[in-house]
Amino acid sequence: MPLVCLTDFREHAREHLSKSTWDFIEGGADDCCTRDENMAAFKKIRLRPRYLKDVSKVDMRTTIQGAEISAPICIAPTGFHRLAWPDGEMSTARAAQAASICYITSTYASCSLEDIVAAAPRGLRWFQLYVHPNRQINKQMIQKVESLGFKALVITVDVPKVGNRRNDITNQVDLMKKLLLKDLGSPEMGNVMPYFQMSPIDPSICWEDLSWFQSMTRLPIILKGILTKEDAELAVKHNVHGIIVSNHGGRQLDEVPASIDALTEVVAAVKGKVEVYLDGGIRTGNDVLKALALGAKCVFVGRPILWGLAYKGEHGVKEVLDILKNEFHTSMTLTVNLYQEQGSVPGTMWTKTPSAELMLISRTRAYMGCFKVSQNGCRSVAEINQDLIQFSRL
């Protein structure tokens, strides 16, 4: 039977991967409250469709850091892709290139960066960095990814220490060694990961250290793991180029807000000065629409990519991305937008919804002073705004 939604891919992966691999991919921190809430929080948001509008042409294209992508659906950094498929990150990179989207490659990739780039030389790729205690190693890595054509540096800020992941403890998995030996091959198979080196993470990294990274590279720097307005404001103050609102898939500190619940706070704090993205809990095209309506420039998908890899490698990842794209296209087609025109001063506009609740109509395209409101089909990503959603009373 064909797999028709991301849940189908999840079930296939659960049935076909080894227990330790499945537990590692799917596990969260402590009671997994945040992991589960990442998905549940999307279901508390309802869509507000409007009909009899011209949506014969719907354009999902957008840009991130100035680069065009075919849809606001990209691949989040996750490690150890060879746990799910022999070609690992090379298959992921090829699928991302074919889909014309961005792939953030993890520091803990199980393929060499050179092989990943060679597999998809035309792909849009960013690099996710876990900061090493040795500054020279960080410098060498940054220079390497810049020379290989990576277009942005994504610094993960929410891992000064690895979260309490009970599945890994139960399975006696040492992320430095045992998982790789158990699931990626035995010593008799030779060196299955000749380029891979797990490195320690610097727990002393501070806001003041960002200037050092900025002095090392011309690449835009994006911070991954921001959840509060205070940190968002500090990110802007320290001249970063973007923020990924993320709780690490619920794998770090449990009982923090779901990513989608933290998004509005962060978007409001940055005041349009940097691009804001989201990862965590994206499972449908409706989820993508909701994230964009609340201010995300695009979303990044993590676990479902590994499910796709476990299904059919590159082609499985492509199927996962195609499903999300098709669902998102449907979501755009079946909703419409209030689009603001005229004016010159960025601001916000509030109005009463039919349920008499205050709703923020537009985060960036409403203007103070005189403006005109016209109803259009949701024909482009730029037209998506908060008027498309409302929060459930449940």
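These are my notebook entries on a predicted model of one protein.

**Entry 1. The whole protein.**
I began with the overall counts. The protein has 14 helices and 16 strands. Of its 394 residues, 56% count as buried. I then looked up the exposed surface, which comes to about 17600 Å², with carbon and sulfur atoms supplying 54% of it. For contacts with a separation of 6 or more, I noted that residues 24 or more positions apart account for 71%.

**Entry 2. H248.**
I went next to a position named in a record. UniProt, in an unreviewed entry, places the feature "active site" at H248. I found H248 in the loop between β9 (242-245) and α11 (259-270). Is H248 buried or exposed? Its relative accessibility is 11%, and buried means under 20%, so H248 counts as buried. Leaving out residues up to four places away in sequence, I listed what H248 touches: Y130, T156, D158, V159, R165 and K224. One of these, D158, also has a polar contact with H248, side chain to side chain, at 3.1 Å.

**Entry 3. Helix α6.**
I checked the length of α6, residues 135-147. At 1.5 Å a residue, its 13 residues should span 18 Å, and the end C-alpha atoms are 18 Å apart, so the two agree. Which residues of α6 are buried? They are N138, I142 and V145. Looking down the axis of α6, I saw that its buried residues fall within an arc of 70°, so they line one face of the helix. A general point applies here: an α-helix has 3.6 residues a turn, so residues three or four places apart point the same way. The buried residues of α6 pack against two helices and two strands, namely α5 (113-119), α9 (210-216), β6 (124-129) and β7 (153-156).

I also looked at both ends of α6. At the N-terminal end, N134 acts as the cap, with a side-chain oxygen 2.8 Å from the backbone nitrogen of Q136. After the helix comes G149, whose phi is positive, near 95°.

**Entry 4. Helix α2.**
I turned to α2 (residues 19-26) and found it mostly covered, with seven of its eight residues buried. I wrote down the buried ones: S20, T21, W22, D23, F24, I25 and E26.

**Entry 5. T107.**
T107 sits in the loop between β5 (102-105) and α5. Its relative accessibility is 15%, which is under the 20% limit, so T107 counts as buried. What does T107 contact, leaving aside its neighbours within four places in sequence? I found F127, Q128, L129 and Y130. A polar atom of the T107 side chain lies 2.6 Å from the backbone oxygen of Q128. Y130 had already turned up in my list for H248.

**Entry 6. T228.**
Last, I looked up T228, in the loop between β8 (221-226) and α10 (229-237). T228 has a relative accessible area of 29% and is partly exposed. Not counting residues up to four places away in sequence, T228 touches E265 and V266. A polar atom of its side chain lies 3.3 Å from the backbone nitrogen of D231. I also took the distance from T228 to V245, which is 17 residues away along the chain: their C-alpha atoms are separated by 8.8 Å.

Conventions
Residues are numbered from 1 along each chain as its sequence is written. This is a predicted model: local features need pLDDT of at least 70, side-chain atom pairs count only at pLDDT 80 or more; totals for chains, interfaces and linings use all residues. Side-chain values use heavy atoms; hydrogens and water are left out. UniProt positions are given in the numbering used here, feature names are shortened, and annotations may be inferred rather than shown by experiment. Helices (H or I, at least four residues) and strands (E, at least two) are DSSP runs, numbered from the N terminus. Buried means under 20% relative accessible area, exposed over 50%, partly exposed in between (1.4 Å probe, protein chains only). Contact means heavy atoms within 4.5 Å. A polar contact is a pair of N or O atoms within 3.5 Å; within protein, one must be able to donate a hydrogen and the other to accept it, and residues adjacent in sequence count only if both atoms are side-chain atoms. The expected span of a helix is 1.5 Å times one less than its number of residues. The arc is that of the directions from the helix axis to the C-beta atoms. Accessible areas come from the Shrake-Rupley method with a 1.4 Å probe; for residues, only the protein chains shown count as cover.
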